[in-house]
Amino acid sequence: MERFVDLIHKKKRDSELSDDEIKQMVEGYCNGSIPDYQMSAMLMAICFTGLNDRELTTLTLAMRDSGSVSDLSPVKGIKVDKHSTGGVGDKTTLIIGPVAAACGIPVAKMSGRGLGFTGGTIDKLESIPGFRTDLSAAEFFQAVQSVGICVNGQTDDLAPADKRIYALRDVTATVDSIPLIAASIMSKKLAAGSDKILLDVTTGNGAFIKDYGQSLALAEKMVAIGTNAGKQTVAQLTSMDEPLGFAIGNNLEVKEAIDALHGNGPDDLRIVCDTLAAHMISLGKEIPLEQAEAEAKSAIESGRAWEVFLSMVEQQGGDVSYMEHPEKLPAAPVTVDYRAKEDGYITSMDSEGFGVTAGLLGAGRSRKDDAVDFSAGIVLRHKINDFVKRGDVLATLHTSKEELADAAAERLDGCYGFSDTETEPVRLIGDVVR
C-alpha cells in the first residue's frame, strides 16, 4: 500500500483514487492504522476536489461493508426503503410506511433519532407507550412478515465506518461536502438491505441543505450511488421552507399522523405524503406513478393504512388504546399561546428556528444522551400566506416549565416575517431524480 500521505497529495491535486486505495483508506481508518489527522486532511481534500461517481460508489460500498449488511431475502416481495434528509415536523414515515404496506409493499425500515433542530422517527414512535424500536433481527423479520412493516432503530454495526468518519467531519468543518453527505446516507441505506430506495431530499430553510441547487446535486449523487450499487433509487425533492404540517414535537406529531391516516390533517402534509407513498408503491409494484397515487389514496380512504399502523404498533409492543384514543397520550403540563405582534400576511417562516425552539421546550436533544420530553413541542395555527391580526394566536407552545415557554416565545419572535401583501406560495414538491 502507498503511504497514506501520498494518497492525500493525490486527491489534493484532483487525481482519481483507485478502488483499492479507497478501500484501504476506509479499512485503515477503522483499524486505527490511519490517524485522525491524516484522515482529516483527506476529507478536506475531498471537500475541495470532490469524487467522481466511481470513487463515490466505491467509498460508499466500503463504508457499507465495514459492518453487517442486512439480508432481507426471507421477506417475500420487493422491499422499498425510504429515507428523509431531515426537517421540522417531518412525520411522513409514520404515514407513508403503513400506506405502502397496505398496498402490499414490505417496509423493513431502520430509522434514527433526532439531533439538532430536526426530529427523529424513532423518538416519535417511542412516544407511544410501550413501543419498542430495539427489536432483534428475528423479531424484525417476524414483524415485517406478519404485519408488512417494521420501523426499528439503527444497530451499532450498521456502517460503523460512517459513524467514525462522520464524527471526524463534525469537528473538521467537512460536514457540508455533497459527496461525503451522499456516501454517509447511502452507506446506511445500502446496508439496510432493501431492494429499492426512495429518498426524500428536503430543501429550504428547515433542511440541512438550504440551497435548492445543492439539494438537487445531493439527490443526483445519491441516485448515482444507488444505481451503481445495483439498487433502483429515486429521489424526490420536497420543501422545508415552512414546517411540514402543524405539529412539531414527538407525540404531537403522532397525533397529527393519526389524523392523516384517517384522511384528515394539514393539506401540505397530505400532499407530500401522497407523493412519497406513490413513489414507494410505484417502485415496489413496478406500476406507473399515477396508478400508484390512486392506490395510495385508496389505502387511506378504505382504512387499510390505519389498520396496518395499528398492527405495527401492537406488533412492536405499543399500547394500541393510545392510538385509538390519542387524547390519552401524555399532555404537557404547561401550554402557552404565542400571539401575533402585528397585522399582516405571514410571508416567511424560519423552519430551523421552529425546530430549535421545539428543542428549547424539551422536544429535542443537543447531545445524543439527552432525555426527550415526548409531550413537548409546538402546534402551529397559521402558515405562510395566512392573514393574521395583532393578538391572533400563531402557535401554542407545549412544555413542562413556564420558564421554558418564556424563553421559547422570545426565540419565536424572529421566526416569522410579515407583509401587507401575500408572497409566492411554497413549492412543496420539487424535481424527481431517477
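**Exercise 1. Which residue follows helix H3, and what is the sign of its phi?**

Step 1. Gly50 comes after H3, and its phi is positive, near 80°. Helices here are DSSP runs of H or I with at least four residues, strands are runs of E with at least two, and both are numbered from the N terminus. The model is a predicted one, in which local features need pLDDT of at least 70 and side-chain atom pairs count only at pLDDT 80 or more, while totals for chains, interfaces and linings use all residues. Residues are numbered from 1 along each chain as its sequence is written, and side-chain values use heavy atoms, with hydrogens and water left out.

Step 2. Helix H3 itself covers residues 36-49, which is 14 residues. From its first C-alpha to its last it reaches 20 Å, close to the 20 Å expected at 1.5 Å a residue; the expected span is 1.5 Å times one less than the number of residues.

Step 3. The buried residues of H3 are Gln38, Met39, Ser40, Met42, Leu43, Ala45 and Ile46. Buried means under 20% relative accessible area, exposed means over 50%, and partly exposed lies in between, with a 1.4 Å probe and protein chains only.

Step 4. These buried residues pack against helix H1 (4-12), helix H2 (19-31), helix H8 (160-170) and helix H9 (178-191).

**Exercise 2. Describe the surroundings of Thr57 and of Gly318.**

Step 1. Thr57 belongs to helix H4 (residues 53-64). Its relative accessibility is 7%, so Thr57 counts as buried.

Step 2. Not counting residues up to four places away in sequence, Thr57 touches Ala224, Ile225, Asn228 and Ala229; contact means heavy atoms within 4.5 Å.

Step 3. Gly318, by comparison, is placed in the loop between helix H14 (304-315) and helix H15 (320-324). Gly318 also counts as buried, at 11% relative accessibility.

Step 4. With neighbours within four places in sequence set aside, the contacts of Gly318 are Ile128, Pro129, Gly130, Phe131 and Val313. Glu126 is 192 residues from Gly318 in sequence, yet their C-alpha atoms are 8.6 Å apart in space.

**Exercise 3. How many aromatic pairs are there, and how are two of them arranged?**

Step 1. Rings of Phe, Tyr and Trp (its six-membered ring) pair if their centres lie within 6.5 Å; planes under 30 degrees apart count as stacked, over 60 as edge-to-face and the rest as tilted. The count by this rule is six aromatic pairs.

Step 2. Phe140 and Phe141 make a tilted pair, at 6.2 Å centre to centre and with 55° between the planes. Phe140 is buried, with a relative accessible area of 5%.

Step 3. In the pair of Trp306 and Phe309, the ring centres are 5.7 Å apart and the planes stand at 20°, so this pair is stacked. Because Trp306 and Phe309 are three residues apart in helix H14, about one helical turn separates them. An α-helix has 3.6 residues a turn, so residues three or four places apart point the same way.

Step 4. Both rings of this stacked pair belong to buried residues: Trp306 has a relative accessible area of 10%, and Phe309 has 0%.

**Exercise 4. Which residues touch the most other members of the largest nonpolar core?**

Step 1. A nonpolar core is a set of buried Ala, Val, Leu, Ile, Met, Phe, Trp, Tyr and Cys residues joined through side-chain atoms within 4.5 Å.

Step 2. The largest such core has 53 residues, and Val99, Phe309 and Met323 touch the most other members. Helix H12 (267-285) is among the elements that each supply at least two residues of this core, and H12 gives the most, with nine residues.

Step 3. Setting aside neighbours within four places in sequence, Phe309 is in contact with Leu94, Pro98, Ile128, Ile258, Leu261 and Met323.

Step 4. There is also a second, separate core of 41 residues, including Leu43, Leu59, Ala235 and Leu237.

**Exercise 5. What is the strand order of the open sheet of four strands?**

Step 1. The order is E6-E9-E11-E7, with antiparallel pairing; two strands pair if DSSP finds at least two bridges between them.

Step 2. Strand E6 (247-248) and strand E7 (334-339) stand at the edges with a single partner strand each, so one side of each has no neighbour in the sheet.

Step 3. E6 and E9 pair over two bridges, E9 and E11 over four, and E7 and E11 over six. Among the residue partners, Ile248 stands opposite Ile378 in E9, Gly377 is bridged to His398 in E11, and Val336 to Leu397 in E11.

Step 4. Strand E9 (residues 377-380) is covered on both faces: Gly377 and Val379 on one side, and Ile378 and Leu380 on the other, are all buried.
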